[in-house]
Amino acid sequence: MDIILWLFAAISLTWFMSYTRASLSSYSLTFAALMAFGSLFNIIGIVSWLLFAVIALPLNIDTIRRQFISMPLLALFKKIMPQMSSTEQEAIDAGTTWFDADLFRGDPDWKKLHNYPRPRLSTQEQEFLDGPVEQVCSMVNDWHITHEIADLPPEIWQFIKENKFFALIIKKQYGGLEFSAYAQSRVLQKLTGVSSVLASTVGVPNSLGPGELLQEYGTKAQQDHYLPRLASGEEIPCFALTSPEAGSDAGSIPDYGIICHGQFEGKDVLGMKLTWDKRYITLAPIATVLGLAFKLQDPDQLLSEQQDLGITCALIPTNLSGITIGRRHFPLNIPFQNGPTQGDAVFVPLDFIIGGSNMAGQGWRMLVECLSVGRAITLPSNSAGGVKAAALATGAYSRIRRQFKMPIGKMEGIEEPLARIGANAYLMDAVTTMSTGAIDLGEKPSVISAIAKYHLTEKMRSSMIDAMDIHGGKGICMGPNNYLARGYQGAPIAVTVEGANILTRSMIIYGQGAIRCHPYVLAELEAANNSDNEQALNDFDHALFGHIGFSISNIGRSLWCSLTGSRLLSSPYEDETRRYYQLLTRYSANLAMLSDIAMLSLGADLKRKERISARLGDILSNLYLASATLKRYNDERRKTADLPFVQYAVEDCLYDIQHAIDELISNFPNKIISKILRVIIFPLGTWLNKPSDELSHKVALLLQTPCASRTRLGQGQYLTRDGCNIFGRLEQILEDIIHCEAIHEKICRALDKKLPFYPLNEIAEIGLSNTIISKAEAELLTTTELGRQWVIAVDDFDSEELTATSPSI
């Protein structure tokens, strides 16, 4: 009996020390004390002590451990770990980790999350949103832009130049606005609600473009020359990266430059002869200055001893001989200025390289560092703004449009997609706020930016499909009053650009996350690549045994959470969200454990097992999306009226995490490990469900009812009720319909008869003739009927109006 109790104590001690992530020395000393206790009561003898010494001493004596354990493992590690290309190494080195690292390490600090300051707009930023942004939104006629002229009209081009929409990120010393990342996001969200063409036109120059690259890496002469011109709109920038043979694999671009002597503006200078063929370049057809990525070669070693210098970025005026611009692509009826650009043996001086000749070959590092910021702003913000506008419009339409003698929004079939749209809108705004807030704190969150880009563009696409399904025929008939169709058509554009989503999910999110966010893997890789053998061994030894302890801890944590349902875990709040924090902590530990097991068992093959990588990335992504949602709820003072949005969004993320883990385990290549993982993580099976029907009903009801929660959901969108704004008009008609429902009910009660709800003008006549309602109430009914008819109407055209005017189309 005594030995059983002692073994139980030993197992409990081992679990406790691993759970608390105690150091090797602490565990060894504590276990030695337990051994001594066992000896005192004659439970264990000399054999047990000898076995303990054989294990503990080599592990705790540095020289023995390094010589006989770490050194052989380092040699093995070098063989099994995948080799990284220079472009992969630079991508990993670019950017920083933030709360994504906490999520990856198995024990998120929720208090730290909530202590991050909530982003806020400065007075100048708010005035810009209330002034120029509001004004340009009022100027937009999206049908005119997308169908009639396939471009922004001249007055809008002039307005955005004069009001420095291209200078959101440029510093004030150069005449720019120098807005925060959060302010940029709010500007783009508002713009995209009225026109994705306008939002794209403004967003791209303020994302990955010459302005950002110049500010970060440009020489003083380049900054002084170009930045004031970019700020004033005198120069229109674009950045050319993608080539026909190199899309997502930007490191394989075939465009090249050769260092040589040549004539430029009448002088003999050392320069580059550039040849390129680029496509999908936003603003390229009208750009005056071209940011260009190419591979620089120095065959005569005129600049350095290297012949292949690598990817380089230069700034090229587009009026030089040999450059072709002006032709346009036509991306899915969203005619923002986008097109190809070519250059044939264009000679420019070396000082056209961004940062000067010293930055030759540094282009890939420059790009990935800037992309780690820009990718978290433009496309996620455009997606969030589009879904917020669609959520309010679809909620209003669902309450106004009636079928089978009731608003269609009361039908459970409509409630289901409507709830998805509402929850997505809440979550997406939360993610953009949290991500841009990280940037404003000085972070360059490369993993978070990939998560935000992938998931928000995908959620935008699915939300637009749901909105179209609810609108039915109203959604598919194009015309000036269709507020959904262009967003629906253009959704794949956002999914495709800045890294195709398939690639982002299957390779980038987890590929970068596993190395950057893991507390030990990067240190192990750096040690393995260190040419100083002694330093490499010391660093690897430290990282290796930290990694082993970390892995054991996460196995213990995962098993404990499974057996207890994670109900014993702490939570920062003891309210309706308590369970969410517990489950997210549990899945964080699962992710850490699964990552280590996948890397250990698959080694270099993990890089090629893209579906395994994608599912691990899905776990990390949904942990982040749910965390952002909870942070928003907390930042907005935990208003219980908003809980349905929070609950639906977080429960959807939790279900997706469970699904990703279940699929990963089911498809894990090693079936023995697969069975062990299922016992540890799902000993009682998968048990989380999708958000309930009751919760869907609550979210759908919020979207159809003017209230504070609905107002917060659409915060910052262009909803001005000026008669010309479709979204503002929808909001007004929604309010009028709700008032008319009460008037209609009053008439029905007075007559003791259930009258049809429409036509409302006929209901008004009945109410007036029976002296049941006032003249003002009758006028409201009549006016609202006109609005109701406008909402359900669809555009129609003479046949001639639909014929393309250009013979080339």
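A cavity, in the sense used on this tour, is a set of grid points among the protein atoms where a 1.4 Å probe fits but cannot get out. Please keep in mind throughout that the model on your screen is predicted.

**First stop: the enclosed spaces**

The structure holds 5 cavities of 30 Å³ or more, and the largest cavity has a volume of about 160 Å³. To find this largest cavity, select Arg 118, Asp 429, Thr 433, Arg 632 and Glu 636, which are the closest to its centre among the 13 residues that line it. If you then colour helix H11 (181–194), helix H17 (412–440) and helix H25 (610–635), you will have picked out the elements that give two or more residues each to this lining. By residue class, the lining of the largest cavity divides into 4 nonpolar, 2 polar and 7 charged residues.

Move next to the second largest cavity, whose volume is about 50 Å³. Select Phe 166, Ile 169, Ile 170, Pro 205, Asn 206, Gly 211, Leu 230 and Pro 237, for these residues line the second largest cavity. Here the lining consists of 6 nonpolar and 2 polar residues, with no charged residue.

**Second stop: an open pocket**

Now turn to the second largest pocket, which has a volume of about 1000 Å³. Its lining is made up of 36 residues, and those to select for a view of the centre are Ala 22, Ser 23, Leu 24, Tyr 27 and Gly 549, which lie nearest to that point. Show helix H1 (2–19), helix H2 (24–40), helix H3 (46–60) and helix H23 (533–564) as well, since each supplies at least two residues of the lining of this pocket. Which helix gives the largest share of the lining? That helix is H23, with 9 residues. Taken as a whole, the lining of the second largest pocket divides into 19 nonpolar, 11 polar and 6 charged residues.

**Third stop: paired strands**

Finally, select strand E2 (residues 256–264) and strand E3 (residues 267–282), which run antiparallel and are joined by 9 bridges. Within this pair, look for Gly 262, whose bridge partner in E3 is Val 269. The hairpin of E2 and E3 has 2 residues between the strands, and in this hairpin Glu 265 takes a positive phi near 50°.

Keep E2 selected and add strand E4 (residues 289–297), with which E2 pairs in the parallel sense over 3 bridges. To end the tour, centre the view on Ile 258, which stands opposite Gln 297 in E4.

Key. Residues numbered from 1 in each chain as written. Predicted model: local features only at pLDDT ≥ 70, side-chain atom pairs only at ≥ 80, totals over all residues. Heavy atoms only, no water. 1 Å grid on protein atoms, 1.4 Å probe; cavity = no way out; pocket = protein on both sides within 12 Å on 5 of 7 lines; lining within 4 Å. Points joined across faces, edges and corners; volume = space filled by probe spheres on them. Helix = DSSP H or I, 4+ residues; strand = E, 2+ residues; numbered from the N terminus. Nonpolar A, V, L, I, M, F, W, Y, C, P; charged D, E, K, R; others polar. Pairing = 2+ DSSP bridges.
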